[in-house]
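Subject: Structure handover

Dear colleague,

I am handing over the structure below, followed by an account of what was found in it. Please read the notes with the coordinates open beside them.

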Amino acid sequence: MADIPKQPGKQLLHLVFGGELNHVTDIEFKNLGDIVGIFPNYASAYSAWKARAQRTVDNAQMRYFIVHLHRLLEPESPGAQRSGAQNPGAQR
């Protein structure tokens, strides 16, 4: 993992992880074990998510997610009531 320069502002931790799903229509993992890392902001987490997801683009059952750890660690903070995990590539 490359060094990420510090950015001004509050640190908002994000976890990027993934693995192979049992079926493409569900979020139940057949093989969960790829922890990409914990990042200090969404931009760096998104960059890591995108790089890892692109490496596995040929496997339709591989999925990577971004979890907003800061929302879990500080549930009373603004915006914490939204979903804690995202799949930035998913259609909504």
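The largest nonpolar core of this predicted model has nine residues, namely Val16, Val36, Phe39, Ala45, Ala48, Trp49, Met62, Tyr64 and Ile66. At least two residues of this core come from each of β2, α1 (42–55) and β3. Separate from it there is a second core, made of five residues, with Leu15, Phe65, Val67 and Leu69 among them.

As for the overall layout, the protein has two helices and four strands, and read from the N terminus the order of the elements is β-β-α-β-α-β. Of the 92 residues in the protein, 32% are buried, and the accessible surface amounts to about 6400 Å², with 54% of it belonging to carbon and sulfur atoms. If one takes the contacts between residues at least 6 apart in sequence, 53% of them join residues that are at least 24 apart.

Strand β1 (residues 14–21) deserves a paragraph of its own. Because seven of its eight residues are buried, β1 is largely enclosed by the rest of the structure. On the one hand, β1 pairs with strand β2 (residues 29–39) in the antiparallel sense, through eight bridges, and within this pairing glutamate 20 is found opposite asparagine 31 of β2. On the other hand, β1 is joined to strand β3 (residues 62–67) by six bridges, and these two strands also run antiparallel; here glycine 18 has tyrosine 64 of β3 as its bridge partner. That tyrosine, Tyr64, is also listed in the nine-residue core, as is Val16.

Turning to the aromatic residues, the structure contains five aromatic pairs. In the pair formed by phenylalanine 29 and phenylalanine 65, the ring centres lie 6.1 Å apart and the planes meet at 80 degrees, so the geometry is edge-to-face. This pair links distant parts of the chain, since phenylalanine 29 belongs to strand β2 and phenylalanine 65 to strand β3, with their positions 36 residues apart in the numbering. The two rings also differ in their cover: phenylalanine 29 has a relative accessible area of 22% and is therefore partly exposed, the cut-off for buried being under 20%, whereas phenylalanine 65, at 7%, counts as buried. Phe17 joins Phe29 and Phe65 in a cluster that is linked by ring pairs.

Which residues does histidine 70 touch, once those up to four places away in sequence are set aside? They are Leu12, Leu13 and His14. Histidine 70 itself sits in helix α2 (residues 69–73), and with a relative accessibility of 14% it counts as buried.

Finally, a word on confidence, which should be kept in mind when using the coordinates. The mean pLDDT of the protein is 82, and 76% of the residues score at least 70. Among the elements, α1 has the highest mean pLDDT, at 96, while strand β4 (residues 85–86) has the lowest, at 64. Where pLDDT is low, the predicted coordinates should not be read in detail.

With best regards

Notes: Residues numbered from 1 in each chain as written. Predicted model: local features only at pLDDT ≥ 70, side-chain atom pairs only at ≥ 80, totals over all residues. Heavy atoms only, no water. Buried < 20%, exposed > 50% of the residue type's maximum accessible area, 1.4 Å probe, protein only. Pairing = 2+ DSSP bridges. Core = buried A, V, L, I, M, F, W, Y, C linked by side-chain atoms within 4.5 Å. pLDDT = per-residue confidence, 0-100. Contact = heavy atoms within 4.5 Å. Areas by Shrake-Rupley, 256 points an atom, 1.4 Å probe, with all protein chains shown as cover. Phe/Tyr/Trp six-rings, centres within 6.5 Å; stacked < 30°, edge-to-face > 60°.
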